[in-house]
Amino acid sequence: MQIIICKNGEEVAKKTANLILKTIKTNKNPVLGLATGSTPLLMYKLLVEDFQQNCTSWANVITFNLDEYCGLSSNNEQSYRYYMNENLFKHINIDFSQTYLPNGNGNFKLNAEVYENQIINFGPIDLQILGIGTNGHIGFNEPGTDFNSLTHVVNLNEQTIKDNARFFNNDISQVPKQAITMGIKTILNSKVIVLMASGINKAEAIYHLVNTKPTTQWPCTALQSHDQVIIIIDKDAASLLKKS
Ligand code: PGA
């Protein structure tokens, strides 16, 4: 596990964006695993700026997002499909048919199986971007998730619902209670995994990611078994590492 400590979130975004661009430029048909949430927002802005300034082509790129809420339509502003379209896809030259997210409508369980098969068909994912939850979740793999899990339907736990209420007018009742997420095994099947985090609220999860023996109580600890993991974090997220 390589750990890169940056001075701030801006540097985290820049370094991660550069790794994505390198993957796009060095692979003929790059397959990217992408994440949503507040952490990667600046990274997507930098990728859009790169496209405008340097015209890096996304024409051959295939993307798979980690997760999607159940029950939100793709034009719902809180859906991850909407997020990806608005923050990245509509600003670059990627064919929308090459951008995959789990389908959060219809038969969720079947959609999860279909998604896993799509990843297998196009994969392995060359570079998977991850954020991390304050409870150590990766994707929506909440504490207790089996490390052998494939794409599946999850009941979001209380902490995640609370953390994500900020995107739903701080109204917990509006946050969907279920999501479809790549499983931990799905994530570990990627060739390279980059986990990005910034802010003091991620420090405890980062501490466990690095120091705690693999345990399902901290899903992020599953990453210790992968030999190509890069952790890109700011000083605040790394603050408990220094003491340890
Ligand atoms: P955040 O979410 O980037 O909005 O903090 C990360 C996560 O929950 O995986």
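## The loop after strand 6

In this predicted model, T134 lies in the loop that connects strand 6 (127-130) with strand 7 (152-155). Because its relative accessible area is 18%, T134 counts as buried, the cut-off for that class being under 20%. The side chain of T134 also takes part in a polar contact with the side chain of D163, at a distance of 2.8 Å.

## The ligand and its surroundings

The residues found around the ligand are G37, S38, T39, G131, I132, G133, H137, R166 and K202. Among them, S38 places a polar backbone atom 2.9 Å from an oxygen atom of the ligand, whereas R166 and K202 approach through their side chains: an N or O atom in the side chain of R166 is 2.8 Å from a ligand oxygen, and an N or O atom in the side chain of K202 is 2.6 Å from a ligand oxygen. Of the 290 Å² that the ligand exposes when taken alone, 84% is buried by the protein.

## The seven-stranded sheet

Seven strands, in the order 1-10-9-6-2-3-5, make up an open sheet in which the pairing is parallel. Its edges are formed by strand 1 and strand 5 (99-100), each of which pairs on one side only.

At the edge formed by strand 5, the pairing partner is strand 3 (residues 62-65), and the two strands are joined in the parallel sense over two bridges. Here F64 has Y100 of strand 5 as its bridge partner.

## Strand 10 and its two neighbours

Strand 10 (residues 229-234) is mostly covered, with six of its six residues buried. The cover extends to both faces of the strand, since V229, I231 and I233 on one side are buried, as are I230, I232 and D234 on the other.

On one flank, strand 10 is joined to strand 1 by five bridges, and these two strands run parallel; on the other, strand 9 (residues 192-197) pairs with strand 10, again in the parallel sense and over five bridges. Residue I232 can be followed through both pairings, as I232 is the bridge partner of I4 and also stands opposite M196. The buried residue I232 therefore has a bridge partner in each of the neighbouring strands.

## Strand 1 at the edge

I3 belongs to strand 1 (residues 2-6), which is one of the edge strands of the sheet. With a relative accessibility of 33%, I3 is classed as partly exposed, because this value falls between the limits of 20% for buried and 50% for exposed residues. Together with M1 and I5, I3 forms a nonpolar patch on the surface, and the three residues have about 240 Å² of accessible area together.

## The loop before strand 10

Where along the chain is the place of K213? K213 sits in the loop that runs between helix 7 (203-211) and strand 10. K213 is exposed because its relative accessible area is 72%, and the cut-off for that class is over 50%. Although K213 and Q224 are 11 residues apart along the chain, their C-alpha atoms are separated by 8.6 Å.

Note on methods. Residues are numbered from 1 along each chain as its sequence is written. This is a predicted model: local features need pLDDT of at least 70, side-chain atom pairs count only at pLDDT 80 or more; totals for chains, interfaces and linings use all residues. Side-chain values use heavy atoms; hydrogens and water are left out. Patches are made of residues with over 30% relative accessible area and no salt bridge: like charges are joined within 9 Å, nonpolar side chains (Val, Leu, Ile, Met, Phe, Trp, Tyr) within 5 Å. Accessible areas come from the Shrake-Rupley method with a 1.4 Å probe; for residues, only the protein chains shown count as cover. A salt bridge is a side-chain nitrogen of Lys or Arg within 4 Å of a carboxyl oxygen of Asp or Glu. Helices (H or I, at least four residues) and strands (E, at least two) are DSSP runs, numbered from the N terminus. Buried means under 20% relative accessible area, exposed over 50%, partly exposed in between (1.4 Å probe, protein chains only). A residue is near a molecule or strand if one of its heavy atoms lies within 4 Å of it. A polar contact is a pair of N or O atoms within 3.5 Å; within protein, one must be able to donate a hydrogen and the other to accept it, and residues adjacent in sequence count only if both atoms are side-chain atoms. Two strands pair if DSSP finds at least two bridges between them.
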